[in-house]
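Me: I should like a close look at a single part of this structure, set in the context of the whole chain. Please describe one strand together with its partners and surroundings.

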Amino acid sequence: MTTFHQATEVIRVGRTVSSDLTPPVHTSAVFEQSDTTAARRAATTPRAARFYSRYSNPTIDQFESAIADLEGAEAARAYASGMGAVSGVLMALCSAGDHVVAQRQLYSGTLVLLAMLEERFGLAVTYVDGTDPDEWDAAIEPGRTVLCVAETPANPQLAIVDLERFGAIKGPVTLVDSTFATPALQRPLDFGVDLVLHSATKGIGGHNDCSVGVVAGSEELINWLWGFAILHGANASPYDAAAALRGVRTLDVRLERQCATAGALSAWLEDHPAVATVSYPGLVSHPQHELAGRQMRLPGSLVSFDLDGGLDAGVRFSEALTLARIATSLGGPETLVAHPASTTHAGLTPAELKAAGISDGTLRISFGLEHPEDLRADFAQALDAVATVH
Ligand SMILES: *Cc1c(COP(=O)(O)O)cnc(C)c1O
């Protein structure tokens with residue numbers, strides 16, 4: 001359906017018939033109806049426009065339509081955050097006693113939510129190694145499994161799920177969290193996947209100034225999700241939807257720069273004596289380099305690597321950086337460094353860290369938009385600072 005290059009599509013999508021080049025922010029939470037017949041129709045039609053903003057809002061509609069077009073989907077639903085979208089999908093599709101197959105390498109919030117739904121709401125979850133298509137197939141219980149949840153590239157080591165094999169799963173609904181890729185780098189629905197999900201807080205918004213989630217898929221599935229979403233109440237704010245749509249306009253150029261920098265710096269890191277291992281799907285050394293090349297347009301803006309010297313080296317490196325900033329999240333203009341063992345995962349035992357694919361010295365970098373030579377110089381001096389104490 002896409003007749004233009006992606007760089008052109010991101011400029012064209014999400015426009016309604018109007019002369020506004022940027023979407024006006026529709027702040028009205030309520031819309032007046034011409035008569036009671038119109039009011040009844042609006043109240044009973046899925047995703048009816050201009051009724052009540054928790055149901056639908058013109059600014060949010062424009063963002064949803066942009067994402068649906070970029071993903072090759074019939075429809076999309078925006079949420080207040082990525083976790084609003086994750087919880088919205090899980091609670092709309094699953095009931096007590098249902099079975100879900102989920103990848104072990106998932107965003108931590110999704111894993112915690114799944115554990116809670118198991119414990120308190122009677123969901124049954126089987127966890128698989130997402131990189132092994134046979135594990136997915138073996139874990140599915142025909143007639144009982146309602147949903148398969150994948151993330152690719154996945155937290156934290158950038159493991160890749162084979163979208164062609166995952167999309168071929170029949171029976172349960174298949175969901176891919178495609179946050180790390182954004183619609184600019186991969187389109188899971190092209191491989192037969194049912195639903196694609198993004199934390200648009202990250203690369204789609206792209207400026208760390210909005211909190212938005214979005215799910216795209218068939219009209220039938222999105223209507224079903226909508227039916228729960230209006231009760232769930234995690235609807236996106238029109239201000240944030242406008243910011244996210246502004247992010248869409250520059251998605252392609254931002255991702256190209258970020259991927260080029262990630263590619264150059266990951267190769268440089270791999271050759272550096274203080275670095276033990278580097279994980280980046282664009283490197284030949286990544287175990288799924290070829291698969292990434294088959295299903296992704298570019299290998300992404302995230303790189304993870306392990307320093308010799310463990311916890312101490314990870315802390316020293318993070319704190320020695322002057323250009324890259326210590327912060328969670330990804331996909332924005334600033335290059336960010338995360339050292340899970342001393343921050344987000346500080347409470348875990350070494351065994352638990354290992355199970356999560358993290359070692360004491362693992363660092364995750366989200367490459368931003370700074371000049372790659374300036375970043376390389378910053379990384380070089382920070383690695384020197386680590387080396388001087390060992
Ligand atoms: C951040 C993130 C989420 C959650 O998104 P929020 O907008 O922070 O709620 C979900 N999945 C992935 C892969 C993420 O990186």
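Reply: About 16,600 Å² of the chain is exposed, and carbon and sulfur atoms supply 55% of that area. The model is a predicted one, and 54% of its 390 residues count as buried. Its secondary structure comprises 15 helices and 12 strands. The radius of gyration is 21 Å, close to the 21 Å that the globule rule gives for 390 residues, so the chain is as compact as a globular protein of that length. Along the principal axes, the C-alpha atoms fill a box of roughly 75 × 50 × 40 Å. Among contacts with a separation of 6 or more, 73% are between residues 24 or more positions apart. As for charge, there are 26 positive and 45 negative side chains, and the centres of these two sets lie 7 Å apart.

The part chosen for the close look is strand S12, which spans residues 362-366. Five of its five residues are buried, so S12 is largely enclosed by the rest of the structure. The burial applies to both directions in which its residues point: Thr362, Arg364 and Ser366 go one way, Leu363 and Ile365 go the other way, and all are buried.

One pairing partner of S12 is strand S9, residues 302-307, which runs antiparallel to S12 and is joined to it over five bridges. Two residue pairs place the strands against each other. Asp306 has Thr362 of S12 as its bridge partner, while Leu302 stands opposite Ser366 of S12. Strand S9 is itself mostly covered, with six of its six residues buried. On one side of S9 are Leu302, Ser304 and Asp306, on the other Val303, Phe305 and Leu307, and these residues are all buried. Asp306 therefore counts as buried, as does its bridge partner Thr362, each lying under the 20% limit on relative accessible area.

The pairing continues from S9 to strand S8, residues 275-279, through four bridges, and these two strands are antiparallel as well. Here Val275 has Leu307 of S9 as its bridge partner.

Strand S11 also pairs with S12, in the antiparallel sense and over three bridges. In this pairing Val337 stands opposite Ile365 of S12. Strand S11 covers residues 336-338, and the loop between S11 and helix H14 (350-355) contains Pro340. With a relative accessibility of 9%, Pro340 counts as buried, because the limit for that class is under 20%. When neighbours within four places in sequence are left aside, Pro340 is in contact with His345, Ala346, Ile358 and Thr362. Thr362 thus appears in two settings: as a contact of Pro340 and as the bridge partner of Asp306. By way of a distance across the model, the C-alpha atoms of Pro340 and Thr59 are separated by 37 Å, and these residues are 281 apart along the chain.

A second loop residue may be set beside Pro340. Leu123 lies between helix H5 (108-121) and strand S3 (124-128), and it is buried, with a relative accessible area of 7%. Its contacts beyond four places in sequence are Cys94, Ser95, Asp98, Val100, Leu114, Leu117 and Glu118. The C-alpha atoms of Leu123 and Ala96 are separated by 5.2 Å, although the two residues are 27 apart along the chain.

Technical notes: Residues are numbered from 1 along each chain as its sequence is written. This is a predicted model: local features need pLDDT of at least 70, side-chain atom pairs count only at pLDDT 80 or more; totals for chains, interfaces and linings use all residues. Side-chain values use heavy atoms; hydrogens and water are left out. Buried means under 20% relative accessible area, exposed over 50%, partly exposed in between (1.4 Å probe, protein chains only). Contact means heavy atoms within 4.5 Å. The radius of gyration is taken over C-alpha atoms; the globule rule is 2.2 Å times the number of residues to the power 0.38. Accessible areas come from the Shrake-Rupley method with a 1.4 Å probe; for residues, only the protein chains shown count as cover. Lys and Arg count as positive and Asp and Glu as negative; His and the chain ends are not counted. The place of a charge is taken as NZ of Lys, CZ of Arg, CG of Asp or CD of Glu. Two strands pair if DSSP finds at least two bridges between them.
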